[in-house]
Amino acid sequence: KKLELLNGYSLEQIETKKTFDIKYRGEIKQFEIPNKLVIDDFVFKNYILKDKKSTEEMLVGIADNKKDITVVHIHGGPAGHPSIYDNLIKGHSSIDLSYQKTMSEHFNLVYWQQRGSGFSSGPDVGGITLNDMAADLHALLAHIKKLFGENHKIVIIGHSWGGYLSYYYLSHFDQYLVDAVL
């Protein structure tokens with residue numbers, strides 16, 4: 001399922017699976033990402049956010065729990081990845097998912113792998129600007145509004161580097177948000 005181009009970006013749901021070549025512990029390895037990620041009671045549908053100007057692709061996991069508010073997690077790094085994908089990278093999950101379970105009872109959840117992070121393509125961290133990353137986040141939020149409806153509420157939670165990126169985003173584009181936790 002492909003959504004229309006917004007702000008020069010498209011959002012496409014992964015149909016069956018997608019293979020990513022990523023650098024992991026100094027080696028290029030191939031990882032297959034399924035169309036959905038199931039962790040305990042969570043079902044995240046996996047999408048690709050594509051920047052049409054650069055052809056870079058960013059992995060986005062969306063858990064539609066039929067709630068009125070969507071929480072978008074902005075991970076640390078740069079070049080980190082959301083911990084929900086640990087089991088695909090390490091073969092096991094190294095995190096306690098009680099936080100996500102509690103959150104999913106009240107919110108839709110979105111995990112975005114920033115440009116050049118985790119399974120997302122991109123130049124080395126030095127080749128990505130803060131403006132690029134803020135534009136990526138802005139496009140993602142526009143697509144979330146398109147998926148859930150224009151009146152849908154969005155909250156971002158920024159952790160570490162993600163808090164800095166969120167703060168930068170808020171100072172330049174904030175029309176899609178109702179709140180932020182940094």
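This briefing covers a helix packing, two aromatic pairs and two residues with positive phi. The model is predicted: local features need pLDDT of at least 70, side-chain atom pairs count only at pLDDT 80 or more, and totals for chains, interfaces and linings use all residues. Residues are numbered from 1 along each chain as its sequence is written, and side-chain values use heavy atoms, with hydrogens and water left out. Helices (H or I, at least four residues) and strands (E, at least two) are DSSP runs, numbered from the N terminus.

**Helix packing**

- Helix H3 (residues 130–148) packs against helix H4 (residues 161–172) at about 80 degrees, and their axes are 10 Å apart.
- Axes are lines fitted to C-alpha atoms, for helices over the stretch in contact; angles run from 0 to 180 degrees between N-to-C directions.
- H3 and H4 are therefore roughly perpendicular (65 to 115 degrees; under 35 is roughly parallel, over 145 roughly antiparallel, the rest oblique).
- On the H3 side, the contact (heavy atoms within 4.5 Å) is made by Leu-130, Asn-131, Met-133, Ala-134, Leu-137, His-138 and Leu-141.
- H4 contributes Trp-161, Tyr-164, Leu-165, Tyr-168 and Tyr-169.
- By class, this contact has ten nonpolar, two polar and no charged residues.
- Nonpolar covers Ala, Val, Leu, Ile, Met, Phe, Trp, Tyr, Cys and Pro; charged covers Asp, Glu, Lys and Arg; the others, Gly among them, are polar.

**Aromatic pairs**

- The structure holds two aromatic pairs (ring centres of Phe, Tyr and Trp, its six-membered ring, within 6.5 Å; planes under 30 degrees apart are stacked, over 60 edge-to-face, the rest tilted).
- Phe-44 and Tyr-111 pair edge-to-face, at 5.4 Å centre to centre and 75 degrees between the planes.
- This pair links distant parts of the chain: Phe-44 is in strand S5 (residues 42–51) and Tyr-111 in strand S8 (residues 108–112), 67 residues apart.
- Phe-44 is buried at 1% relative accessibility, and Tyr-111 is buried at 4% (buried is under 20%, exposed over 50%, partly exposed in between; 1.4 Å probe, protein chains only).
- Trp-161 and Tyr-164 form a tilted pair, at 5.6 Å centre to centre and 40 degrees between the planes.
- Trp-161 and Tyr-164 are three residues apart in H4, so about one helical turn separates them.
- Trp-161 is buried at 17% relative accessibility, whereas Tyr-164 is partly exposed at 46%.

**Positive phi**

- Most residues other than glycine have a negative phi.
- Lys-66 has a positive phi near 60 degrees.
- Lys-66 lies in the loop between strand S6 (56–63) and strand S7 (69–74), and is exposed at 67% relative accessibility.
- Ser-160 has a positive phi of about 55 degrees.
- Ser-160 lies in the loop between strand S9 (153–158) and H4, and is exposed at 55%.
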